[in-house]
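I opened this entry to look up one side-chain contact and one strand with its partners. My notes follow in the order I took them.

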Amino acid sequence: MRKRISITGGAGFLGKHLVELLAKNDDYDIILLARNKQKYLNIFKDMKNITIHHGDLLRPNSLENFIIDNTTIIHLAYISESPEDNIIATNNIITQANKVDIKQFIHCSTAVVCGFNSNKLINENSPLEPKGSYQKNKADIEKVLSQNLLENTSLIILRPTEIFG
């Protein structure tokens, strides 16, 4: 049985590399949310198993066919212009995810939600001690996900340090 994976932020730096890797596996159906469908078609034109879904995280109705039963969501998108929009977008994803039976929700956060202490090992039990607005917004997103996703949804929060390439 093929696994459906819906990805936000698929055209970003991390997203492009992740989609490229996942597209090599014939067991995955990859659905990418795109405000600009042509941009995504140009980026991913030579890859198989990919469907571009025209939508916007800030328009809840556009998420209905993006998130359906038995979907794994990988949430990489971040709206840098507006911390408030990130909370709205996250709530929109949660609302649609809770309407259907999703199996897993993977969210890409940041290690600095736990502060800037280089001597400390950071894990899932580390307290949130964000300093700047970006870190505080990412911590708020983590809280919204933890508090509002249905209990039967497996929530995985990744906290990478720096991503470069």
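**Asn86 and its surroundings**

I looked first at the side chain of Asn86, which reaches the backbone oxygen of Ile79 at 2.7 Å. The model is a predicted one, and I read the distance with that in mind.

I then placed the residue: Asn86 lies in helix H3, residues 83-99. Is Asn86 buried or exposed? I found a relative accessible area of 3% for Asn86, and the cut-off for buried is under 20%, so Asn86 counts as buried.

Next I listed what Asn86 touches, leaving out residues up to four places away in sequence: Tyr78, Ile79, Asn137 and Ile141. I checked Ile141 separately. Asn86 and Ile141 are 55 residues apart in sequence, yet their C-alpha atoms are 7.4 Å apart in space.

**Strand S1 and its partners**

I turned to strand S1, residues 3-8, and found it mostly covered, with 5 of its 6 residues buried.

Which strands pair with S1? I noted strand S2, residues 28-34, in the parallel sense over 5 bridges. I also noted strand S4, residues 71-75, again parallel and over 5 bridges.

For the register I wrote down one pair on each side. Ile7 stands opposite Leu32 in S2, and Ser6 stands opposite Ile73 in S4. As a reminder to myself, side chains in a regular strand alternate between the two faces of the sheet.

Last, I traced the connection from S1 to S2. Helix H1, residues 13-22, joins S1 and S2 in a β-α-β unit, and I recorded its hand as right-handed.

Note on methods. Residues numbered from 1 in each chain as written. Predicted model: local features only at pLDDT ≥ 70, side-chain atom pairs only at ≥ 80, totals over all residues. Heavy atoms only, no water. Buried < 20%, exposed > 50% of the residue type's maximum accessible area, 1.4 Å probe, protein only. Helix = DSSP H or I, 4+ residues; strand = E, 2+ residues; numbered from the N terminus. Pairing = 2+ DSSP bridges. Right-handed = clockwise from strand over helix to strand, strands pointing away. Contact = heavy atoms within 4.5 Å. Polar contact = N/O pair within 3.5 Å; in protein donor to acceptor, adjacent residues only side chain to side chain.
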